[in-house]
Every structure is written in structure tokens, then in C-alpha cells.
Amino acid sequence: MPFLPRLTALVILLSVLLLGGCSTMKYTVDDGRKVNETLLSNLRLLGHGERSLRPAIVRSAALKDPDCSHQWELPFSVATSYEWPEDDRVAWVRALQVDERLTVVAAAPDIGLQPGDKIVDIKGFKKNDANKMLAELAELRDDGEPFPVKTAAGKTITVKPLQVCRGYARLAPPVTPDYQDFHWLMSIHPLEIFGPQITPDEALWMVLWTQGLSEEGGARMKTYHYTKEVVSTLFEIASLATGLNAAAQAAKVAVNQAAQAAAAAAAKSASEAVAKQALQEAARKIAEQAAQDYAQKVGEEVVKSMGRQAGNVLRDTFMARVGMSVSSLSWVATTVFDNADRWAYDRIGKLGGDPLAGATLHQKLLDKTLVRNAFVLDEERLQNVAGLARQTQREDMLAAVLKGASLEVFALKLSELPSASEDAGLAMQSESDEFLAPPGGGTGGLIDAMLRMPLESGAD
């Protein structure tokens with residue numbers, strides 16, 4: 001029966017054609033249509049930021065600091081327009097040559113990848129779903145071992161992850177360009193910091209500062225993050241009901257009730273006497289910290305942010321400039337910003353960079369009134385930098401950087417400088433959706449999602 005073999009052959013041929021059709025995907029091209037100009041501008045800022053930061057991240061790996069915790073990084077960053085609206089995908093192509101595939105946005109020199117390269121194979125892993133490709137890339141990065149990637153042009157490159165000090169430096173997504181947040185594993189910076197042209201040393205300062213924030217403030221942020229769970233529910237209700245002025249008292253009430261509940265649970269077993277004592281002591285300390293520091297450090301900053309005039313930028317702390325637009329964990333991080341300044345200052349010279357790069361970055365941003373970021377220094381941080389400059393015989397250089405302003409404006413005796421550890425305690429503010437919800441929603445915020453991804457910002 002010759003008909004059956006012919007039918008079988010026809011079925012096989014059709015199957016091959018169908019499979020071929022399914023595997024062929026059309027990718028977005030720039031057809032010249034009108035796109036969202038704000039998004040386009042933000043994407044270009046993102047590209048400038050990525051191209052500045054990625055070489056600096058690679059440069060920071062040479063520090064090999066034995067005193068810091070470590071993470072693995074990649075010598076390039078990627079983005080994708082996968083699942084973005086059609087018009088916005090065109091904007092991605094126009095601004096950064098990014099389409100639905102994993103696209104290189106920035107790369108360190110001489111690694112064999114260029115902006116615009118499309119990564120289609122990661123150590124044999126190939127998916128049309130770019131999010132799955134991102135997850136695979138993140139896993140291989142964190143393994144720390146070299147692995148191959150293949151581009152759409154057929155080029156195969158061996159990628160070698162870099163070991164750097166903990167604290168990923170990442171950028172806000174282009175749809176929320178002002179977003180910023182600080183965590184002991186990652187900090188997200190707003191796109192405005194790349195409004196001016198950034199030098200390689202200034203980019204290195206950003207990277208080292210972010211790593212320094214993690215190293216100097218990690219323990220404090222972890223302590224806050226975990227101990228706040230003891231009082232979270234009752235404190236949320238009390239603070240929302242009574243307002244910021246009564247927040248410290250609310251924390252006291254919440255902690256006392258939490259301590260009573262913990263004591264009752266511990267008393268059920270004599271063998272848990274030690275646990276009972278520890279819980280009571282922890283609750284007592286949290287209550288004292290909340291009463292003494294919360295209203296003073298956070299409440300006063302919020303009041304300042306409402307009453308300040310734009311001309312008093314240098315007198316405003318970071319919290320006064322941004323108010324409640326950042327998470328409560330970020331409030332804790334602000335108490336060690338001066339420590340991060342010192343950490344970066346002490347290390348940038350070891351990499352051949354200018355220790356005053358933080359001051360030049362500050363002045364560039366200030367000149368453009370781009371002040372809602374962590375790199376514009378307030379008076380107290382400038383005083384600390386002045387003290388560092390004095391110790392390293394760079395006073396005249398700092399004065400020049402600050403446009404001839406006398407160092408007398410900033411200088412304090414080192415013995416008079418307040419330390420970050422004494423400056424403020426741990427804020428006990430909740431991160432409820434109604435009160436401090438970051439863009440993207442949820443108490444975890446954008447950082448928790450991005451920690452699992454190797455891209456700087458990329459997809460929303």
C-alpha cells in the first residue's frame with residue numbers, strides 16, 4: 001500500500017515545517033513610530049549609567065579586600081523588552097538596541113561582548129522567555145565558574161564571573177526613574193545621577209560607596225530587618241492610627257505586648273528560661289531604641305522635609321530631601337552614609353582613582369540641582385570628607401572642587417565629628433502598603449525581585 005508511506009512522509013514534512021515556524025520569532029525593530037519621549041529619555045540615561053558603572057564594577061574587583069563580604073558579578077549587563085507594550089519595545093530598540101532577547105547594554109572592554117549583542121544561548125540553555133534566560137544567567141554568575149554564552153551572530157564567549165565586595169550597584173527602572181532603595185545586598189540608585197557626564201573615577205566612587213554601605217551598614221540593616229518582625233503588626237496599626245509624632249510611644253506599647261507574649265510562650269517550659277530572658281531583653285532594647293531614636297531621627301527628618309526651602313540643600317540631610325519616598329530599611333541605611341563615604345575614600349586610591357571623586361560628583365549633581373540621591377552630600381557629610389582631606393593633605397584640592405569655598409565652612413575637629421554609630425538608632429517604622437509602599441508594590445520592594453537577576457535594571 002504505497003499510499004501510507006507517502007502519507008507518513010507528508011505528516012513528517014508538515015511537522016518539520018510547523019516546528020520550524022514555531023521556533024522562528026519576530027523581534028521588534030525601530031519602525032520610526034512615535035514613542036513615549038519620557039521613557040526614551042530615561043532609557044538613554046539608563047544606558048549612560050550602565051556604560052559608566054559596568055567598567056567600574058570590574059575595576060572594583062581588583063581591590064581584593066580581605067575585610068569585606070563578597071558577591072559574584074558579571075563583566076557585562078543585560079536588559080530585555082520581553083513582555084513590554086509594543087510601542088515601548090520600539091523605544092528600547094531606539095535607545096539601547098534592546099529587543100525581546102537578552103541584550104548586552106554595557107560591557108567591560110576586551111571581554112568580547114559589545115552593547116547590542118543578543119545572547120541566545122547560555123551554556124546550552126536556550127529559551128524564548130527572556131526571564132528564564134535571566135534566571136539561568138544569575139545562577140551561573142553566582143556559581144562563580146567560567147561559562148560560555150553564544151550571541152545571535154554566532155559568536156561564543158567565555159564569561160568569567162568576578163568576585164567583588166558585597167553590595168550590588170543597580171539603577172532604577174526607566175518607568176520609575178526616581179526610585180531608590182538600600183539593602184545590605186544591593187542598592188538601587190535613581191537615574192538622575194547620570195544627568196551630568198560621569199567620569200570613570202566618579203563611577204568607581206559610586207560602586208565603592210555602595211559596597212561600603214553594605215559593609216559598614218549591613219549588620220545594622222540586618223538587625224533592624226529581623227528585630228522589627230517582633231513588633232510589626234501592632235506597631236503598624238498604632239503608627240498609622242496615631243501618626244508619626246506618637247510612633248515611638250506606639251513602638252513601646254507594641255514591644256511590651258510582644259515581650260509579654262514571648263514570655264508567656266517561653267514560660268511553658270522551664271528548659272526555655274534562657275530563651276525567655278533573651279526575648280525580654282531584646283524587646284526591652286528595641287523599646288528603648290524606638291523611644292529614644294525613632295521620633296528624633298525619623299520624625300524630625302520628615303518635618304524638615306516639609307519645611308525646607310530649596311536654597312538650603314546643603315543643610316538638608318538625605319532624608320530631608322527624599323522624605324518618606326524610600327523604605328524604612330533605607331532609613332536605617334542613611335545612618336551609615338558617612339561610614340560609606342569614608343570606606344570609599346579609603347579604597348578608591350588603592351585602585352588608582354581620585355579620592356575626591358565623591359566631591360566632584362557631589363558638585364556636578366548640585367550644579368544641576370539633582371539632589372534627591374545619596375551622592376549629594378549634606379553639611380555633616382561634607383565636614384567628614386573635609387576631615388579626610390585634611391588627613392591626606394588634599395585640603396586645597398577639595399576647596400577647588402567645591403568652587404573655592406573656604407574649608408572653614410566645613411571643617412570640624414575630628415574629635416567633634418559625630419560617629420554614625422552614635423548618630424541614630426534603628427528606625428521601627430513599618431513598610432505597610434498604605435504607608436511606604438515602593439513602586440512595584442509589596443513589602444519586599446524592587447530589591448527583593450532584582451536580587452535574583454543579573455541585570456542592572458532592565459525589565460520592569
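In strand E10 (residues 186-189), isoleucine 188 stands opposite aspartate 181, where strands are DSSP runs of at least two residues (E) and helices are runs of at least four (H or I), both numbered from the N terminus. The model is a predicted one, in which local features need pLDDT of at least 70 and side-chain atom pairs count only at pLDDT 80 or more, while totals for chains, interfaces and linings use all residues. Residues are numbered from 1 along each chain as its sequence is written, and side-chain values use heavy atoms, with hydrogens and water left out.

Aspartate 181 belongs to strand E9 (residues 181-182), which is joined to E10 by 2 bridges and runs antiparallel to it; two strands are taken to pair if DSSP finds at least two bridges between them. With 3 residues between them, E9 and E10 form a hairpin. Strand E10 also pairs with strand E8 (residues 168-171), through 4 bridges and in a parallel arrangement, and here tyrosine 168 stands opposite methionine 186 of E10. Both faces of E10 are covered, since Met186 and Ile188 on one side, and Ser187 and His189 on the other, are all buried (under 20% relative accessible area, with exposed meaning over 50% and partly exposed in between, for a 1.4 Å probe and protein chains only).

The largest nonpolar core, a set of buried Ala, Val, Leu, Ile, Met, Phe, Trp, Tyr and Cys residues joined through side-chain atoms within 4.5 Å, holds 69 residues, of which Trp205 and Trp209 touch the most other members. Helix H5 (residues 200-227) gives the most to this core, with 8 residues. Apart from this core lies another, of 19 residues, including Val104, Met133, Leu134 and Leu137. When residues up to four places away in sequence are not counted, the contacts of tryptophan 205 (heavy atoms within 4.5 Å) include Asp341, Ala344, Tyr345 and Ile348.

These four residues are among the buried residues of helix H11 (residues 337-348), a helix that is mostly covered, with 10 of its 12 residues buried. The end C-alpha atoms of H11 are 16 Å apart, which agrees with the 16 Å that its 12 residues should span at 1.5 Å a residue, because the expected span is 1.5 Å times one less than the number of residues.

Over the whole chain there are 17 helices and 10 strands, and 51% of the 460 residues count as buried. Among contacts between residues at least 6 apart in sequence, 72% join residues at least 24 apart.
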